[in-house]
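Let's take a friendly walk through the charged side-chain pairs of this protein. Please have the sequence and the 3D view ready.

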Amino acid sequence: MQIQEIVEKVQGYHPTGDVEVLRRAYTFAERLHHGQARVSGDPYLSHPLAVAGILADLKLDSSTIAAGLLHDVVEDTKTTLHQVEREFGQDIAELVDGVTKLGKLPISSREERQAENFRKMLLAMSKDIRVLLIKLADRLHNMRTLEPLPEEKRKRIAQETLDIHAPLAHRLGIYWVKAELEDLALHHLDAEAYRDLTVKVAKKRKEREGEINEVIEILMRKLHEVGIPAEITGRPKHFYSIYKKMRDQGKDFDEIYDLTAIRVITGSVKDCYGSLGVVHSLWKPLPGRFKDFIAVPKTNFYQSLHTTVVGPRGEPVEIQIRTWEMHKVAEEGIAAHWLYKEGKSTVDQGEKGFAWLRQLMEWQRDLKDSREFWETVKVDLFPDEVYMFTPKGDVKALPKGSTPIDFAFAIHTDIGLHCLGSKVNGRLLPLRYELQNGDIVEILTDAKQHPSRDWLKIVKTSRARSKIKQWLKAEERARSISLGRDLLEREVRRLGKSPSALLSPEALAPLLQRSGFAHPEEFFAAVGYGRFSPRQAMLKLLPPEELKLLEREEREAKGERKTKPRISEEGVKIRGVNDVLVRFAKCCNPLPGDEIVGFITRGRGVSIHTRDCPNADQLLVDPDRKIVVEWDSDRQVSHQVRILVTVGKDRPGLLAEISSAISASNINIAQAEVKVTEDRKGLNTFMLEVSDLKQLQAAMHAIQRIDGVLKVERVKSL
């Protein structure tokens with residue numbers, strides 16, 4: 001790509017555009033990148049030239065293309081943003097700043113750095129969408145030239161492209177960029193599957209070429225007969241869309257028929273529906289395969305009629321029908337076709353097509369944790385969509401698999417928070433129902449209804465998830481404040497003091513300052529969560545003379561306490577917390593040797609879960625409750641654990657052999673229960689007293705070796 005080629009492209013679609021700024025930007029970038037080379041050995045300038053060429057293909061304005069030429073000068077040379085602004089003005093400088101990564105960040109992981117760089121780009125593109133277009137052009141050329149990098153790095157970049165950049169191109173409606181990014185990502189993530197697909201697709205397209213041409217010829221003749229002028233072409237589907245269809249639907253390649261879609265382009269919306277009538281009069285449509293994206297456009301402004309019919313040779317044929325204007329939007333993307341034709345660069349927050357950007361901005365404000373934000377962006381923002389209607393006929397687009405709760409939060413947060421039930425197409429349906437295309441959804445509310453933690457298991461959208469978590473966290477905090485206040489007042493009264501005097505804001509002020517609490521409510525919440533006991537709080541609150549008296553009484557009663565990690569009677573060390581009750585969660589029943597995690601619970605000390613316990617994920621709604629715990633290897637404490645031994649056909653002495661194997665492992669049997677199933681299998685449940693996981697596993701291996709034993713498994717829930 002040469003600068004003159006870019007200039008000629010711009011003059012082709014914008015004859016009065018400022019091409020002089022392009023030449024100046026090229027000269028500036030050439031001087032700064034002189035002597036730099038890419039990993040491939042090519043001159044570094046080849047990259048910004050290629051990025052500018054892609055932006056010209058998108059028919060963007062001169063400022064955007066100039067920023068594409070300059071997009072790496074601040075990041076990869078000693079040039080400052082101030083120098084760029086001095087040479088090229090504020091508009092171009094802000095675009096360059098928007099795509100420049102953050103400098104050396106004190107961030108521990110690559111994922112956090114990715115998230116923070118994305119946050120920066122997000123803020124920039126909310127002001128000027130051209131930032132995103134430059135970033136997509138930058139990523140597209142990087143993907144085209146990824147080969148020289150090490151395999152691990154190539155796969156990481158390809159996965160990020162698939163997770164973030166291709167869906168962003170889809171949101172802007174730039175189909176060809178999305179398709180190329182996805183195909184390039186597949187090539188690096190699964191090279192064997194990509195090669196296999198290219199061979200099979202080429203072969204099958206050749207086989208079906210005759211049928212596709214036959215359909216086009218018949219349809220063209222029939223449209224001409226009824227007086228509908230149209231252009232008809234065949235469009236091959238890109239490799240990743242075929243790969244995704246095979247993976248998601250569990251189909252073999254030979255079961256994929258729509259490798260080529262037939263596209264009918266007409267002059268008006270009326271002719272689109274007329275053409276659809278002609279298609280359905282010629283060939284039988286497949287049920288459930290008709291979609292009207294003209295009446296209900298996609299969120300990226302895409303419009304077309306989609307139908308799949310049984311072709312003249314008995315195989316499915318997909319046909320898309322649209323106007324020329326719709327075709328331009330579908331091919332070039334809304335940003336290139338609409339935004340700059342009207343001379344706009346900022347995003348109108350009222351535009352429906354940019355609701356996804358408003359959602360992104362909301363998440364970046366609400367989700368302070370970088371990893372949670374990054375996962376939210378990757379997983380929940382860009383899935384396949386379904387379209388539903390409110391009773392008034394307003395359209396709502398939600399991710400596939402969404403429930404009425406997601407729909408409620410999409411309308412308004414208050415409706416979601418008080419969602420009681422739903423009517424779908426006039427029928428009362430449960431909140432876990434998965435909404436389908438075309439559903440008419442009415443949300444039933446009640447002021448007394450509030451979110452349940454179980455809702456987190458069924459919602460699909462991150463908006464609903466984050467709002468539910470916020471409410472649960474606020475509710476948890478309110479309860480903890482109330483509980484903490486009650487516990488402290490009780491302790492104050494027990495000591496013969498006045499709660500109103502000792503717990504007033506004035507009396508608490510010195511303690512709050514010393515302990516780093518910003519408000520009395522934070523102090524009460526800490527007690528309610530169990531971070532320290534009411535007695536410890538009193539030791540901090542009372543005057544020095546009373547403090548000494550209480551400390552002496554404590555020493556006499558319990559002996560001097562050492563300032564080291566608390567070791568519970570259960571054999572668990574808790575770092576940084578003293579005098580806290582420890583209990584093992586019954587849902588997973590941890591044993592010494594299991595990986596464990598601790599959570600502070602209201603008024604019940606620290607609850608210990610195994611790291612893989614499903615309930616542990618739900619408890620992380622409030623990460624402040626998590627606490628570091630570890631097994632105390634110096635203490636031997638007996639733990640009860642249940643095992644289930646499944647045996648085949650019973651035989652004399654089998655139960656005695658199992659009991660002997662347990663006893664030989666120096667384990668006591670606290671309880672035993674024997675059941676026989678209808679197919680005569682024996683289910684023997686034993687409650688054992690073990691010291692750790694290693695001892696349990698030894699016993700289970702011994703039992704497994706006994707003739708007649710089919711399976712031995714640990715039952716984690718007590």
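## A pair in helix α12

This is a predicted model. A good place to begin is K200: its relative accessibility is 35%, so K200 counts as partly exposed. Its partner is D196, and the two side chains meet in a salt bridge with an N to O distance of 3.2 Å. D196 is partly exposed too, at a relative accessible area of 38%.

Both residues belong to helix α12 (residues 191–225), where K200 and D196 sit four residues apart, about one turn of the helix.

## A pair in helix α21

Next, look at helix α21 (residues 462–494), which holds both R479 and E475, four residues apart, or about one turn of the helix. Their side chains form a salt bridge at 3.5 Å, N to O.

How accessible are these two residues? R479 is partly exposed, with 44% relative accessible area, and E475 also counts as partly exposed, at 27%.

## A buried pair and its network

Now turn to D61 and R130, whose side chains meet in a salt bridge of 2.9 Å, N to O. This pair links distant parts of the chain, 69 residues apart: D61 is in the loop between α3 (46–57) and α4 (62–70), while R130 is in helix α9 (residues 130–144).

Are D61 and R130 buried or exposed? Both are buried. There is a further member to find here: D91 joins D61 and R130 in a network of salt bridges.

## The overall count

If you would like to keep exploring, the structure holds 20 salt bridges.

Methods. Residues numbered from 1 in each chain as written. Predicted model: local features only at pLDDT ≥ 70, side-chain atom pairs only at ≥ 80, totals over all residues. Heavy atoms only, no water. Salt bridge = Lys/Arg side-chain N within 4 Å of Asp/Glu carboxyl O. Helix = DSSP H or I, 4+ residues; strand = E, 2+ residues; numbered from the N terminus. Buried < 20%, exposed > 50% of the residue type's maximum accessible area, 1.4 Å probe, protein only.
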